[in-house]
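Biologist: Could you take me through the ligand site in this one, close up? I'd like to hear what surrounds the ligand and where it sits.

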Amino acid sequence: MNYRHHFHAGNFADVVKHVLLLGLLDGLRRKDTPFCYIDTHAGVGVYDLGASAAQRTLEFKSGLGRLKSTTATNPPAWVADYQKAVAALQAERAGFWYPGSPWLALHHLRPQDRAVLMELHPEDAGLLKQYFSRQAQVAVHQRDAYEGLVALVPPKEKRGLVLIDPPYEEERDDYSPVVELLAKAHARWPTGMFALWFPIKDHQVIKRFYRRLRNTGIAKMLTTELCVLPPDNSLGLNGSGLVVVNPPWQFDSRARTTLQWLLPVLSDHPQAEWRVEWLAGEAPAASPASDER
Ligand code: SAM
């Protein structure tokens, strides 16, 4: 396990993922009944962008940095919510900190809700415990997500969201392990909401990934993508996406408004692009590009 999120915290992919995460939590908060948030690959929860790891890569400049310095006005609701959350963490810790998915989710839990955070790396799991386990609503497990998620669903609340956000070390060439994990967890909890993050580096890999996802037979599933570079640029991470199973009502149209606003903030490249398309169920996408996938 070489991956450490400290080097990447606050980059463009984190910004998009975390803004959409707040959109999903917003959907769950529309009903008073309790929900459970499960983070399968939680990381550390909060990141010091002034520390050496973040300063070595300066990746946060491509994401949070661009968002902070944008002159674009009227951010969509989820972006405004995210900006407020980042400001709240930075005020709380009096410094240049970045909220990971656990912090953002916990910031949006109500007293009746609950969170389960899984992290395999012993050091990161230790930090997570240190930050969060004093909160009664939160359970932190040092555990392998591939075994832990299947064991933990469905949660007793029967409502909730699972964020699956692996580092794509073992899953790098072929995303099939995460598709299998999603399919197994969904079979145990067909009404759960699942969000699966993925990197976009190679168009052919993404095509195969979508084919595998469709073959699971999951009935209601959409994908969101935002690429800051052309999708086949060989330099590295061109974009990222989030597959959402059982999204909340109107998540698709709100995600479109959100990604359309974020794209020019996060990229100046003429071939940068975003998309939101149903992979299964609801309104199948009509654009010619979507027919290929
Ligand atoms: N979700 C976090 C966020 O948005 O702030 C970032 C998570 S980071 C991309 C992936 C994390 O997964 C790393 O902290 C890594 O140590 C952890 N990890 C890797 N393999 C794992 C496994 N099999 N089970 C649980 N955690 C794992």
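Modeller: Here's a walk around the ligand, with a short stop at the cavity afterwards. Keep in mind that this is a predicted model. The ligand sits in the largest pocket, and two elements each give two or more residues to the shell around it: α1, running 12-28, and α7, running 145-152. In total, 22 residues surround the ligand, and the closest are His18, Ser101, Glu119, Asp144 and Asp165. Chemically that shell is a mix, with 7 nonpolar, 8 polar and 7 charged residues.

Now for the polar contacts. Asp144 reaches in with its side chain, placing a polar atom 2.8 Å from a ligand nitrogen. Ala145 uses its backbone instead, with a polar atom there 2.9 Å from a nitrogen of the ligand. Leu120 also works through its backbone, where an N or O atom lies 3.2 Å from a ligand nitrogen. As for cover, the ligand on its own has 600 Å² of accessible area, and the protein covers 96% of that.

While you're looking at α1, turn to the cavity. The structure holds 1 cavity of 30 Å³ or more, with a volume of about 40 Å³. Its lining includes Ala13, Val16, Lys17 and Leu20, along with Trp197 and Thr224. α1 gives the most to this lining, 4 residues, and β9 (239-245) is the other element that gives two or more. The lining divides into 5 nonpolar, 3 polar and 1 charged residue. So α1 is worth tracing in both places, as it gives residues to the ligand shell and to the cavity lining.

Definitions and conventions: Residues numbered from 1 in each chain as written. Predicted model: local features only at pLDDT ≥ 70, side-chain atom pairs only at ≥ 80, totals over all residues. Heavy atoms only, no water. Near = heavy atom within 4 Å. Polar contact = N/O pair within 3.5 Å; in protein donor to acceptor, adjacent residues only side chain to side chain. Areas by Shrake-Rupley, 256 points an atom, 1.4 Å probe, with all protein chains shown as cover. 1 Å grid on protein atoms, 1.4 Å probe; cavity = no way out; pocket = protein on both sides within 12 Å on 5 of 7 lines; lining within 4 Å. Sits in = over half its atoms within 2 Å of the grid points. Nonpolar A, V, L, I, M, F, W, Y, C, P; charged D, E, K, R; others polar. Points joined across faces, edges and corners; volume = space filled by probe spheres on them.
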